[in-house]
Amino acid sequence: MSLGDQLHIVTPDDISPARRRLGRGIVALGSLAFAATLLGLLLQTAGRIDVGLSTWRPALYAFLVWAIAMGVGEVLIRGEQGKRALFVMPAVLFTIAMVVFPTAFGVYIALTDWNLSSFEGRKFNGLANFWQMLGDDYYRNALINMLIYTAAVLVEYAIAFGLALLLN
C-alpha cells in the first residue's frame with residue numbers, strides 16, 4: 001500500500017485555534033439563547049415579566065437551535081471526532097426532550113398548588129403536597145404495595161439470573 005492510499009484522519013492537533021474559538025462561540029451563543037428563552041418562560045409563568053412567550057413553541061425552537069449549534073460546534077471544535085459524536089447526538093437530544101423536560105415539569109407541578117377550577121392559577125407551595133400525600137392512608141398503602149412489588153421483582157430477577165448462570 002502506497003503512502004497516497006492512506007486516509008488522512010484529522011486529529012485535534014490539525015484544528016486551528018480560530019476554528020475552535022468559533023466552535024466554542026457557536027455553542028455558547030446557542031446555549032445562551034436556549035437559557036434566555038427558558039428563563040423568559042419561567043419568569044413569565046411566575047408572573048414577574050411579560051415577554052409574549054405564551055406557548056411552549058419558543059422553547060421548542062430554542063431547543064432545536066441549541067441542538068444544531070451543539071452539532072456544528074462539536075464538528076468545529078473536535079473535527080473528525082465531532083462528526084462521530086453527531087451519531088450519538090440524536091439519542092441524547094431525544095432523551096433530553098422525552099425524559100429530562102417532562103421530569104422537570106413534573107417536579108415543578110408537584111411543588112405548586114394548581115387548581116384548574118380556580119381563577120387564581122398556580123401558586124408555589126413547596127413540599128406541602130408531599131406532606132399531604134404522606135398523611136393519606138390510601139397513598140401510604142399504594143406506596144407500601146409498590147415497595148413490596150419492587151422487592152419481589154428484584155428477588156425474581158436475582159433468582160432468574162442465578163439460574164441462568166447455573167445453566168450456562
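These legends accompany close-up views of a predicted model.

**View 1. The largest nonpolar core of the predicted model draws on three helices.** The core has 9 residues, namely V27, F34, A62, F63, W66, A67, M70, M89 and L93. Helices α1 (17-46), α2 (57-78) and α3 (80-110) each supply at least two residues of this core, and the largest share, 5 residues, comes from α2. In soluble globular proteins, nonpolar side chains tend to be buried together. One member of the core, M70, is in contact with V27 and M89 when neighbours within four places in sequence are left aside.

**View 2. F63 is a buried residue of helix α2.** The relative accessible area of F63 is 8%, and because buried means under 20%, this residue is classed as buried. Apart from residues up to four places away in sequence, F63 touches F34, L93, I96, A97 and F101; of these partners, F34 and L93 are also listed among the residues of the largest nonpolar core, as is F63. For orientation along the chain, D50 lies 13 residues from F63, and the C-alpha atoms of the two residues are separated by 21 Å.

**View 3. Aromatic rings form a cluster around F34, F63, W66 and F101.** These four residues are linked through ring pairs, and the structure as a whole holds 6 aromatic pairs. A pair of aromatic rings is described by the distance of the centres and the angle of the planes.

**View 4. F105 and Y108 make a tilted aromatic pair in helix α3.** The ring centres lie 6.2 Å apart and the planes meet at 35°, so the pair is described as tilted, given that stacked applies to planes under 30 degrees apart and edge-to-face to those over 60. The two residues are 3 residues apart in α3, and they are therefore separated by about one helical turn. Both residues of the pair are partly exposed, F105 with a relative accessibility of 44% and Y108 with one of 28%.

**View 5. T112 is a buried residue of strand β1.** Strand β1 comprises residues 112-113 and includes T112, whose relative accessibility of 5% places this residue in the buried class. A polar atom of the T112 side chain lies 2.9 Å from the backbone oxygen of I109. With neighbours within four places in sequence set aside, T112 is in contact with R122, K123, F124, N125 and N129.

**View 6. R122 lies in the loop between β1 and β2.** This arginine has a relative accessible area of 32% and is partly exposed, and strand β2, which follows the loop, covers residues 123-124. Not counting residues up to four places away in sequence, R122 touches T45, Y108, T112, D113 and W114, a set that includes Y108 of the tilted pair with F105. By contrast, the C-alpha atoms of R122 and N145, which are 23 residues apart along the chain, are separated by 31 Å.

**View 7. Helix α5 has its N-terminal end capped by D136.** A side-chain oxygen of D136 lies 3.4 Å from the backbone nitrogen of Y138. The helix runs over residues 137-167, and because each residue contributes 1.5 Å, its 31 residues should span 45 Å. The C-alpha atoms at the two ends of α5 are 45 Å apart in the model, which agrees with that expected span.

Definitions and conventions. Residues numbered from 1 in each chain as written. Predicted model: local features only at pLDDT ≥ 70, side-chain atom pairs only at ≥ 80, totals over all residues. Heavy atoms only, no water. Core = buried A, V, L, I, M, F, W, Y, C linked by side-chain atoms within 4.5 Å. Buried < 20%, exposed > 50% of the residue type's maximum accessible area, 1.4 Å probe, protein only. Helix = DSSP H or I, 4+ residues; strand = E, 2+ residues; numbered from the N terminus. Contact = heavy atoms within 4.5 Å. Expected span 1.5 Å × (residues − 1). Polar contact = N/O pair within 3.5 Å; in protein donor to acceptor, adjacent residues only side chain to side chain. Phe/Tyr/Trp six-rings, centres within 6.5 Å; stacked < 30°, edge-to-face > 60°.
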